[in-house]
Amino acid sequence: MKKVSFRNDVLPLKDILYRLALRITQNSQEAEDIVQDTLIKVWNRRDTWEQIDSIEAFSLTVCRNLSLDHLRRHDNQSQPLDQAEALATDRRTSPYEQAVSQDRIDTVRRLVNSLPEKQRTCMQLRDFEGKTYKDIAAIMGITEEQVKVNIFRARQTIKQRFNEIENYGL
């Protein structure tokens, strides 16, 4: 068994934890608070770290659960992600192309944010964090097959809705 170090194994996860919390809560300040709460909870369990198979999966599970608890407490009042995450634009593109590109990014962001929580979280962990199906299943407490189904449905929904918006302006 590998000796787990808070400094070397847990603290480097704070960016991943933040992105997960942000994707669920859709509020940067709340996500920061949740990450701190997550780190405190993981630290308080330090006596049992050696029994945990993956400290990363454990930390992500704690973060996800805290984020969901926060949503339940605040009646699901979500706000859009702030514009700081917008894609950096290329100086060679025209202002029109930049505006169209930004509109598409905003559309995709809204579509992702409108997904059911389970689909949104599976997609976040797979497509943005690069987690394996097995890790996602462990984090979310569902089977790998359910993870694959949720990701497939999320991608299909986003693709379908994006095409409707692009083609018909709906």
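Contact here means heavy atoms within 4.5 Å. The legends below describe a predicted model.

**Figure 1. Overall fold of the predicted model, with 8 helices and 0 strands.** From the N terminus on, the order of elements is α-α-α-α-α-α-α-α. The protein has 170 residues, and buried residues make up 38% of them. Among the contacts with a separation of 6 or more, 66% join residues that lie 24 or more positions apart. The accessible surface comes to about 10700 Å², and carbon and sulfur atoms contribute 48% of this area.

**Figure 2. Close-up of helix α2, residues 14-25.** The helix has 12 residues and reaches 16 Å from its first C-alpha to its last, close to the 16 Å expected at 1.5 Å a residue. Its buried residues are Ile16, Leu17, Leu20, Ala21, Leu22, Arg23, Ile24 and Thr25. These buried residues pack against four helices: α3 (28-44), α4 (55-73), α5 (95-114) and α6 (117-128). An α-helix has 3.6 residues a turn, so residues three or four places apart point the same way.

**Figure 3. Gln26, in the loop between α2 and α3.** Gln26 comes just after α2 and takes a positive phi of about 60°. The sign of phi is positive although Gln26 is not a glycine. With a relative accessible area of 5%, Gln26 is buried.

**Figure 4. The aromatic cluster formed by Phe6, Trp43 and Trp49.** The structure holds 3 aromatic pairs. In one of them, the ring centres of Phe6 and Trp43 are 5.3 Å apart and the planes stand at 80°, so this pair is edge-to-face. Phe6 belongs to helix α1 (residues 6-10) and Trp43 to helix α3, so the pair ties together parts that are 37 residues apart in sequence. Phe6 also pairs with Trp49, and here the rings are stacked, at 6.2 Å centre to centre with 10° between the planes. Trp49 lies in the loop between α3 and α4, whereas Phe6 lies in helix α1, so this pair ties together parts that are 43 residues apart in sequence. The two tryptophans can also be described by their exposure. Trp43 is partly exposed, with a relative accessible area of 38%, whereas Trp49 is buried, at 5%.

**Figure 5. Glu129, in the loop between α6 and α7 (133-140).** Glu129 has a relative accessibility of 13% and therefore counts as buried, the cut-off being under 20%. Leaving out residues up to four places away in sequence, Glu129 touches Ile16, Arg19 and Gln124. Of these, Ile16 is one of the buried residues of α2. Leu17 is also among the buried residues of α2. The C-alpha atoms of Glu129 and Leu17 are 9.8 Å apart in space, while the two residues are 112 residues apart in sequence.

**Figure 6. Arg126 and the ring of Tyr133.** The charged end of Arg126 sits over the Tyr133 ring, at 4.1 Å from the ring centre.

**Figure 7. Thr107, in helix α5.** Thr107 is buried, with a relative accessible area of 9%. Not counting residues up to four places away in sequence, Thr107 touches Phe162 and Ile165. Helix α5 is one of the helices against which the buried residues of α2 pack.

**Figure 8. Ile142, in the loop between α7 and α8 (144-168).** At 13% relative accessibility, Ile142 counts as buried. Neighbours within four places in sequence aside, Ile142 is in contact with Lys118, Cys122, Ala137, Val147 and Asn150. Cys122, one of these contacts, is buried with a relative accessible area of 0%.

**Figure 9. The cysteines Cys63 and Cys122.** Cys63 is buried, with a relative accessible area of 0%. Cys122 is likewise buried, at 0%. A disulfide is a covalent bond between the sulfur atoms of two cysteines. With sulfur atoms within 2.5 Å as the cut-off, the count of disulfides in the model comes to 0.

Key:
Residues numbered from 1 in each chain as written. Predicted model: local features only at pLDDT ≥ 70, side-chain atom pairs only at ≥ 80, totals over all residues. Heavy atoms only, no water. Expected span 1.5 Å × (residues − 1). Buried < 20%, exposed > 50% of the residue type's maximum accessible area, 1.4 Å probe, protein only. Areas by Shrake-Rupley, 256 points an atom, 1.4 Å probe, with all protein chains shown as cover. Phe/Tyr/Trp six-rings, centres within 6.5 Å; stacked < 30°, edge-to-face > 60°. Lys NZ or Arg CZ within 6 Å of the ring centre and 35° of its normal.
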